[in-house]
Amino acid sequence: MLDVSYRKIYLGDLFNIFTGKKNVNETDPNGKYTFFSCSPESFHSNEYIYNGEAIIIAGNGSYTGTVRFFNGAFDLYQRTYALTPKDEMVDTKYVYYLLKMKFEAIYMGGSRGSSIPYIVMGDIADFEISLPPLPEQKRISSILSSFDNKIEQLKKENNIL
């Protein structure tokens, strides 16, 4: 039976939220670490600013509000946001899936700006989500991750065919 004891909480209470300091022209195609900008493709860097699970959100441009998940060492563009968990009481992958569904629906394409859309850190920090108990978060993210893995496998098979 579904546990309905979800609590409402702001992302800023659950996650450290920060941006990178670099421009895309500071990347290195031969760099060891993934570099995220606001575009859908990733680049490479010789440095990293965080190593671990993170939610990456594009902060400006055509893909503003796009949400990605990454686990590993990475660097960021100055208008790309990373959310890293403040403690172990939240499943980052669960929140990623929730933000893919809820945050992108509201902020995809930006909430401010006329020629270049953008969001600000407060849009992320003040975004309220409903959070189930940790075991339920892990169960849900595990199911959704298995679907994602199957989709990636089928895409690879399609490319081969």
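**Exercise 1. F69 and the largest pocket**

F69 sits in strand β6. The model is a predicted one. Task: state how exposed F69 is, and describe the pocket that F69 helps to line.

Solution.

Step 1. The relative accessible area of F69 is 21%. Buried means under 20% and exposed means over 50%, so F69 is classed as partly exposed.

Step 2. F69 lines the largest pocket together with R68, K93, Y96, Y97, D148 and E152. The volume of this pocket is about 220 Å³.

Step 3. Sort the lining by element. Two or more residues each come from β6 (67-76), α2 (92-101) and α5 (134-160). Helix α2 gives the largest share, three residues.

Step 4. Sort the lining by class. Three residues are nonpolar, four are charged and none is polar.

Step 5. For a distance across the structure, take F69 and G122. Their C-alpha atoms are 20 Å apart, with a sequence separation of 53 residues.

**Exercise 2. The surroundings of α2**

Task: decide whether α2 is largely enclosed by the rest of the structure or not, and give the count of buried residues that supports the decision.

Solution.

Step 1. List the buried residues of α2: T92, Y94, V95, Y96, Y97, L98 and L99.

Step 2. Compare with the length of the helix. Seven of its 10 residues are buried, so α2 is largely enclosed by the rest of the structure.

Step 3. Relate this to the pocket. Y96 and Y97 are among the buried residues of α2, and both also appear in the lining of the largest pocket.

**Exercise 3. Salt bridges**

Task: how many salt bridges does a search of the whole structure find? Work through examples, giving for each the N to O distance and the burial of both partners.

Solution.

Step 1. The search finds four salt bridges. The criterion is a side-chain nitrogen of Lys or Arg within 4 Å of a carboxyl oxygen of Asp or Glu.

Step 2. Take E47 and K22. The closest N and O atoms of this pair are 3.1 Å apart. E47 is in the loop between β4 (42-45) and β5 (50-58), while K22 is in the loop between β2 (15-19) and β3 (33-36); the pair links distant parts of the chain, 25 residues apart. E47 is partly exposed at 47% relative accessibility, whereas K22 is buried at 14%.

Step 3. Take K138 and D91, whose closest N and O atoms are 3.8 Å apart. K138 belongs to helix α5 and D91 to the loop between β7 (80-85) and α2, so this salt bridge ties together parts 47 residues apart in sequence. K138 has a relative accessible area of 44% and is partly exposed; D91, at 10%, is buried.

Step 4. Take E104 and K100. Their side chains form a salt bridge with an N to O distance of 2.9 Å. E104 is buried, with a relative accessible area of 14%, and K100 is partly exposed, with 31%.

Step 5. Look for shared partners. K22, E47 and D75 are joined into one network by salt bridges that share partners.

**Exercise 4. A nonpolar surface patch**

Task: which residues make the nonpolar surface patch of about 350 Å²? Place I151 in its element and give its exposure.

Solution.

Step 1. The patch is made by I143, L144, F147 and I151.

Step 2. I151 is located in helix α5.

Step 3. With a relative accessible area of 43%, I151 is partly exposed. A residue needs over 30% to be counted in a patch, so the value for I151 meets this condition.

**Exercise 5. Exposure and separation at two further positions**

Task: for E128 and I106, give the element, the exposure class and one C-alpha distance.

Solution.

Step 1. E128 is in strand β8 (residues 128-131). Its relative accessibility of 41% makes E128 partly exposed. From E128 to V67 the C-alpha separation is 16 Å, and the two are 61 residues apart along the chain.

Step 2. I106 is in helix α3 (residues 103-107). The relative accessible area of I106 is 53%. The limit for exposed is over 50%, so I106 is classed as exposed.

Step 3. I106 and S145 are 39 residues apart along the chain, and their C-alpha atoms are separated by 23 Å.

Technical notes:
Residues numbered from 1 in each chain as written. Predicted model: local features only at pLDDT ≥ 70, side-chain atom pairs only at ≥ 80, totals over all residues. Heavy atoms only, no water. 1 Å grid on protein atoms, 1.4 Å probe; cavity = no way out; pocket = protein on both sides within 12 Å on 5 of 7 lines; lining within 4 Å. Points joined across faces, edges and corners; volume = space filled by probe spheres on them. Helix = DSSP H or I, 4+ residues; strand = E, 2+ residues; numbered from the N terminus. Nonpolar A, V, L, I, M, F, W, Y, C, P; charged D, E, K, R; others polar. Patch = residues over 30% accessible without salt bridge, like charges linked within 9 Å, V, L, I, M, F, W, Y side chains within 5 Å. Areas by Shrake-Rupley, 256 points an atom, 1.4 Å probe, with all protein chains shown as cover. Buried < 20%, exposed > 50% of the residue type's maximum accessible area, 1.4 Å probe, protein only.
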